[in-house]
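Biologist: Could you take me through a few parts of this structure, one question at a time? I would like to follow the reasoning as well as the results.

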Amino acid sequence: MTEKLTAERLLTDLTPAERARMERVESILPAVAAAAEEADAIGAFPAGHVKLLADAGLLGLVVPEEYGGLGGGLRDLAATTYAIGTVCGSTALSFFFHCSASSRGMLPLAALDAGHYSDEEAPEVRAFAEKVLTRMGAEKKMLANFASEAVKASNANVLISTTATKVDGGWMLNGEKSFGCLSGTADYYLVTAARDDIAGIDGLGLFLVARDTPGSRSRAPWRGLGMRASDNHGLIMEDCFVPDDEALAIPGAFTRATQMSRGSWVGNQIAIAAIYAGIAQGVWDYALDRTMSAKFADTGKPIASSPMHQVLIGDGEAALAEAHLWLRRQIELEASDPPILPKNEVVSHWKLAKGSICERAFTVATDALKMCGTSGALMDNVIGRAMRDTAMGLVQAFPAERGKLDLAKIVVEQQGWAGLTTRDSMADASAAGTQAAAASAEGASR
């Protein structure tokens, strides 16, 4: 009988091609697990992991084969982040942010096929998209995807205030990115910035910034509660020059590409939630093994047989099962061909799924903590890392409360929720009468 892979605990119906890709993932899990404790303690992405991922071909996991990748899709990405998450959440998160850069290649190509660009625009769009995919696939380069910033807007997940100014031969970037893994580690930073000569989201562009580009540097080290080994420091750019052929700055090109995603914004966000479900699975396995192996001195029965443990096991199993069910459903909605539901309904489901998955993952970690008691409550063991790492899932991207609010607005007011906005767009919205609501939301977030 074929050995069951870690990824098959999430997706039980892997195709032969998917299973072959997941066997590559399985092959690196022991090395990732071995490095997890030290990486968390020092708060740094392990130096050997870039080569580890590259040698396994996984830097091109979701890149089409014609660009040197493995040809995987969203199912592969979610199954991979889940599997890696069972042994190291930080590595899984960093890997996700690398793979998310592929959408900046895949979505423009899909938009080209759909006829969303003019004949004059098409060559530039295709060249940039293929460059992103070739670097990830054939060249085995690691990319860091930077969009998020510290400044927030009430009506979108990300407010882009980083600017791109046209100069001879390219663009000058200025701004600060507050969130994005692999700072100082990735070969290239894929930066979203707003052209300073075009108002609104049509001014958004994509820029490939080589790690050693003058004017670019990491922010101060990030001392996160969890996911500490993801090099999630952020990026500062001061007069950072990017050549024309390393940019896609055609007005509206980026926003037209995002229309092609099945889910919200650029899609694939469900693979982030898969990380937290994977962490929950990993810590649950640890807690069960620990409490089944340890025996009561007087009866010789496993500690797991106590009434308290029985209650915790029931609760933890239910929470873990619910996380998996939410996760599988969202993956199905975003990966099915043909689509099961229209995009607006897929986005609505995601607004609930993300928080539901992450809150249940945290519940599983809490139950595991209680099961293992004081002797298991260590900062640097599986329990300690899982408690801190799953806590980050409660706030990353958006908390469950924000997702429910977004969904309510979609249902009651037929109001969509933007993935990205700019200062100009925010000003336009304020002029239209939303300033008071934005101020209220900002005050509540402080």
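Biologist: How many bridges join strand S5 to S6?

Modeller: In this predicted model, strand S5 (residues 188–195) and S6 run antiparallel. One pairing between these strands sets leucine 190 against its bridge partner in S6, leucine 208. The number of bridges that join S5 to S6 is seven.

Biologist: Which residue in S9 does leucine 206 stand opposite?

Modeller: S6 also pairs with strand S9 (residues 247–248), in the antiparallel sense and over two bridges. Within S9, the residue opposite leucine 206 is leucine 248.

Biologist: How many of the seven residues of strand S6 are buried?

Modeller: A residue is called buried when its relative accessible area is under 20%. Strand S6 (residues 204–210) is largely enclosed by the rest of the structure, because the number of its seven residues that are buried is six.

Biologist: What span should the twelve residues of helix H3 have?

Modeller: The expected span is 1.5 Å times one less than the number of residues. For helix H3 (residues 74–85), the end C-alpha atoms are 16 Å apart, which agrees with the expected span of 16 Å.

Biologist: Which helices do the buried residues of H3 pack against?

Modeller: H3 is mostly covered, with twelve of its twelve residues buried, including Leu74, Tyr82 and Ile84. These buried residues pack against helices H1 (16–42), H4 (89–100), H8 (270–293) and H9 (307–335).

Biologist: Is arginine 402 buried, partly exposed or exposed?

Modeller: Arginine 402 is found in helix H12 (residues 400–413). Partly exposed lies between under 20% and over 50%. Because its relative accessible area is 23%, arginine 402 is partly exposed.

How values were computed:
Residues are numbered from 1 along each chain as its sequence is written. This is a predicted model: local features need pLDDT of at least 70, side-chain atom pairs count only at pLDDT 80 or more; totals for chains, interfaces and linings use all residues. Side-chain values use heavy atoms; hydrogens and water are left out. Helices (H or I, at least four residues) and strands (E, at least two) are DSSP runs, numbered from the N terminus. Buried means under 20% relative accessible area, exposed over 50%, partly exposed in between (1.4 Å probe, protein chains only). Two strands pair if DSSP finds at least two bridges between them. Contact means heavy atoms within 4.5 Å.
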